[in-house]
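Reader: I should be grateful for a close look at a single part of this structure, described together with its surroundings. Please set that part in the context of the whole chain, and then turn to the local backbone and side-chain details that deserve attention when the coordinates are inspected.

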Amino acid sequence: MVARTVPVEAFDLIVFGGTGDLARRKLLPALYHRFAAGQTPGDALIIGAARRRMDGAGYRDFAREALTEFVPESHLKPDLVEGFIAMLDYVPVDAATEAGWAALGRKLKGREARPRAFYLSVAPQFFGQICERIGRGRLVTPETRLVVEKPLGRDLASARALNAQLASHFDEHQIYRIDHYLGKETVQNLMALRFANALFEPLWNANHIDHVQITAAESVGVGERGGYYDQNGAMRDMVQNHLMQLLCLSAMEPPSRFDPDAVRDEKLKVLKALRPIEGAAIDEEIVRGQYEAGPDGPAYREEAGDPESRTECFIALKIGVENWRWAGTPFYLRTGKRLKARHTEIAIRFKDAPHSIFGDSAGALKGNALVITLQPNEGIELRLNIKDPGPGGMRIVSAPLDMSFGSGAGDAFRMPDAYERLLMDVIRGDQTLFMRGDEVEAAWAWIDPIIAGCEEGRAPPAPYAQRAEGPMESHILLHKDGRRWREIA
Ligand code: NAD
């Protein structure tokens, strides 16, 4: 299978924070890959804008180094690298003062007809000032887009304030709130699977689905970012954005069209249908954890720099979606650091067959599972019960129907990074895979009381061992319901 690329028109992209980690690791490599694939034209202009003092040549050297470090060598073709590098320029700009803004304005003068994207790859405290200065400098054209990254607030009040700041200079249709999980091929395939096949949708409800598990496990710890992480925790860092988005795409009704507002309207309805978790339900339906010291490093509290920290770096939740489709079918979510493996998946667990005709000797019939893996190896697997092959008796085993996208495609195959897809969507002006402001607020409206409840005189997060699957309490959460987590592998 060779992916077809539809070229985008010539564009101007201004990356505020163009010298930062995100630009180096993700944005510049993603833009290079799209250029190398022939999707972006050679006369696009990509301007790094950050506080560091350097000129265009300096930035081109910076980008060359970033590509050498983050693009696989087999994809680095010297003529393509030079073609890409030639599109780059740099303007030293201070978000917090007037320095550099006039120079940026001059670079963009006369280019108003092109799609123009401002990517705010800076700390969120600068978002307001940058938008203000972009607005005052009259840099917003009808074809302008604004791209922002998480964190989009830390609670409902700050998310509303941020949305209001963005709205003072940009219309909602110009704002692209990135959640890079939505740019993953498998996440889009979840929608294709559900809405392009007649096979699954009739079964996609509480009558046939026992429960859904969404896991985002990381093997790394918080490390040097511990102090920063400790102000947020897993709920803000992972659940409010990535996991809620995966839940929405799994649970939403079929949109009438695959267009931005139709899709986002349906996701919003899911967020509004989530059963609140408050009071005693917090103890019943939420498990929080912190890793202990172990083979991979110090304990969470030590890395966070606070021996009394009550911030969770692991969380598991049981979530109810209160509508006809899902009544009685829980969604279990978990995410955490320093776990057994780096693995993200959505597992749809269908109900068990109502009766086994094969008798006890055939073994138990496990319910079918549709498993959508986002990382490390994107793919979809449908687990079916089949006869154990061979001349023995009729024994039933669970076997996968496997659609691993990367396997068998040879060394040259490279799964495009989510940022590649999302950056091209920004240029094309397609917001389908970006969060709308009301979605972000609805997620916070559901999350805020949970965070407040967890902080209200409850026990601190439960300790758990490194390289394991989180605290025992997380297993008990499902055990109470007669279910178990899939192994993190
Ligand atoms: P970083 O600290 O590596 O880079 C910050 C950038 O902002 C630098 O280019 C710096 O020069 C610039 N900057 C700082 N102060 C400035 C000012 N006053 N005026 C102009 N530029 C200024 O940060 P990062 O890791 O690249 O992250 C950037 C943003 O993206 C953050 O909001 C972060 O939360 C978010 N984010 C990052 C990642 C990631 O993988 N790194 C992932 C998701 C979201």
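Author: Of the contacts in the protein with a separation of 6 or more, 77% are made by residues 24 or more positions apart. The model is a predicted one, and the part chosen here is helix α13, which spans residues 418–428.

The whole chain comes before the helix. The protein has 489 residues, and a compact globule with that number of residues would have a radius of gyration near 23 Å; the value for the protein is 24 Å, which agrees. Taken along the principal axes, the box filled by the C-alpha atoms is roughly 80 × 55 × 45 Å. The secondary structure consists of 15 helices and 15 strands. Of the 489 residues, 52% are buried. The accessible surface comes to about 21800 Å², and carbon and sulfur atoms account for 53% of that surface. As for charge, the protein carries 61 positive and 68 negative charges, and the mean positions of the two sets are 2 Å apart.

Against this background, α13 can be examined in detail. Nine of the 11 residues of α13 are buried, so the helix is largely enclosed by the rest of the structure. The buried set begins with A418, Y419 and E420, continues with L422, L423 and M424, and ends with D425, V426 and I427. Two acidic residues, E420 and D425, are thus among the buried residues of the helix. An α-helix has 3.6 residues a turn, so residues three or four places apart point the same way. The cover over the buried residues of α13 includes a helix, α1 (21–36), and three strands, β4 (116–120), β5 (144–148) and β6 (175–177).

One of these covering strands, β5, also borders two loops with backbone features of interest. The loop between α5 (127–136) and β5 contains R138. Although R138 is not a glycine, its phi is positive, at about 55°. R138 has a relative accessible area of 74%, and is therefore exposed. Beyond β5, the loop that leads to α6 (156–167) holds P151. The peptide bond from K150 to P151 is cis, with omega near 5°. Most residues other than glycine have a negative phi, and most peptide bonds are trans.

A second cis peptide bond joins Q375 to P376, again with omega near 5°. P376 lies in the loop between β12 (369–375) and β13. At the other end of β13 (379–387), the loop to β14 (396–404) contains R395. The relative accessible area of R395 is 41%, which means that this residue is partly exposed. Leaving out residues up to four places away in sequence, R395 touches S361, A362, I386, K387 and D388. R395 is 51 residues from W446 in sequence, and the C-alpha atoms of the two residues are 46 Å apart in space.

The loop between β15 and α15 deserves similar attention. R467 is placed in this loop, and its phi is near 60°, a positive value in a residue other than glycine. With a relative accessibility of 48%, R467 counts as partly exposed. G470 belongs to the loop between β15 (462–464) and α15 (472–479) as well. The relative accessibility of G470 is 11%; because this is under 20%, G470 counts as buried. Apart from its neighbours within four places in sequence, G470 is in contact with F314, L339 and Y464. Its C-alpha atom is 9.8 Å from that of C313, although the two residues are 157 residues apart along the chain.

The mention of a cysteine leads to the question of cross-links. A search of the whole structure finds zero disulfides. C454 takes part in no disulfide, and the nearest cysteine sulfur, which belongs to C313, is 14 Å away. C248 is likewise in no disulfide, the nearest cysteine sulfur being that of C454 at 20 Å. C248 has 0% relative accessibility and therefore counts as buried. C454, at 7% relative accessibility, counts as buried too.

Definitions and conventions: Residues numbered from 1 in each chain as written. Predicted model: local features only at pLDDT ≥ 70, side-chain atom pairs only at ≥ 80, totals over all residues. Heavy atoms only, no water. Helix = DSSP H or I, 4+ residues; strand = E, 2+ residues; numbered from the N terminus. Rg over C-alpha atoms; globule rule 2.2 N^0.38 Å. Buried < 20%, exposed > 50% of the residue type's maximum accessible area, 1.4 Å probe, protein only. Contact = heavy atoms within 4.5 Å. Areas by Shrake-Rupley, 256 points an atom, 1.4 Å probe, with all protein chains shown as cover. Lys, Arg positive; Asp, Glu negative; His and termini not counted. Charge placed at Lys NZ, Arg CZ, Asp CG, Glu CD. Disulfide = S-S within 2.5 Å.
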